[in-house]
Amino acid sequence: MAGAIQDNDRGIIVGRRSFGKGLVQQEMNFEDGSAVRLTIARYYTPTGRSIQKPYLKGNDEAYVNDFYKRFQSGELYEKDSIKVADTLKFKTPKGKMVYGGGGIVPDVFISLEGKQGEGSIAYLMQQSGFVGQFVFEQLDKHRLNFKGLTFEKFLVEMNRNEMYFTNFQNYLLQNGIEVNLSKNKPLVKRYLSAEFARQLFDEQKYYEIVLKQDPMIQAVLNPKS
């Protein structure tokens, strides 16, 4: 979808380079309940580019760990760190340069939240199960602290209260994760508040908190001239 929008000059892609999955697979089931997935085709965007990331036979680990290499290379923080082959350049009908061979490269690059070298904190807050489990345990212990709070009063309380931030730092240490959260305190508190809101209210409240300060959303709503 992003590639089609980009190739047809119908919109601006904002964010970071996508994973690079462009294969078509067909699943064949066997009588014993097992199955095999066979790659039968590739997806191509309208300009003819394949966005499938390169894969070398037998090098499964490098393929799967490509995202972590993006942390190390700085690609998640600087667009200039994105490496694409000159042979994989394509032009849209209006002459814009687009690239193939490993995901969609955005037109407007947005850095990963968190300081470079500590960007795993943003990934930790968004993708790991630690936040959800921590909040579940905290609510089990402190649910009376939230009794009767409206969503608005809940936001005020979470912004004022430092206890959950401190408890989360200790929770990570107890689980063998040594990371200094203080340098990214606003980000950590935002995601903690969002998860509390999800478990106390509903899914929509989670996104109301998270997206309000999301850099990608802000870039779309307030484009630079």
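This passage describes the largest nonpolar core and the internal cavity of a predicted model.

The largest nonpolar core holds 32 residues. Five of its members touch the most other members: Met125, Phe154, Phe168, Val188 and Phe196. Six helices each give two or more residues to this core. They are H4 (120–127), H5 (130–142), H6 (151–160), H7 (163–174), H8 (185–200) and H9 (203–212). The top contributor is H8, with 7 residues.

Met125 shows how these helices meet. Neighbours within four places in sequence are set aside here. Beyond them, Met125 is in contact with Val131, Phe168, Leu187, Val188, Tyr191 and Leu192. Two of these partners, Phe168 and Val188, are themselves among the residues that touch the most other core members. Met125 lies in H4, Val131 in H5 and Phe168 in H7. Leu187, Val188, Tyr191 and Leu192 fall within H8.

The cavity search covered the whole structure. It returned 1 cavity of 30 Å³ or more. The volume of the largest cavity is about 40 Å³. Its lining consists of Met158, Asn161, Tyr164, Phe165, Lys189, Leu192 and Ser193. H7 and H8 are the elements that give two or more residues to this lining. H8 again gives the most, with 3 residues. By class, the lining has 4 nonpolar, 2 polar and 1 charged residues.

Leu192 links the two descriptions. This residue is in contact with Met125, and Leu192 also lines the largest cavity. H8 likewise appears in both, giving the most residues to the core and the most to the cavity lining.

Terms used: Residues are numbered from 1 along each chain as its sequence is written. This is a predicted model: local features need pLDDT of at least 70, side-chain atom pairs count only at pLDDT 80 or more; totals for chains, interfaces and linings use all residues. Side-chain values use heavy atoms; hydrogens and water are left out. A nonpolar core is a set of buried Ala, Val, Leu, Ile, Met, Phe, Trp, Tyr and Cys residues joined through side-chain atoms within 4.5 Å. Buried means under 20% relative accessible area, exposed over 50%, partly exposed in between (1.4 Å probe, protein chains only). Helices (H or I, at least four residues) and strands (E, at least two) are DSSP runs, numbered from the N terminus. Contact means heavy atoms within 4.5 Å. On a 1 Å grid over the protein atoms alone, a cavity is a set of points where a 1.4 Å probe fits but cannot get out, and a pocket is an open set with protein on both sides within 12 Å along at least five of seven lines; lining residues have an atom within 4 Å of a point. Grid points are joined across faces, edges and corners, and a volume is the space filled by probe spheres set on the points. Ala, Val, Leu, Ile, Met, Phe, Trp, Tyr, Cys and Pro count as nonpolar, Asp, Glu, Lys and Arg as charged, and the others, Gly among them, as polar.
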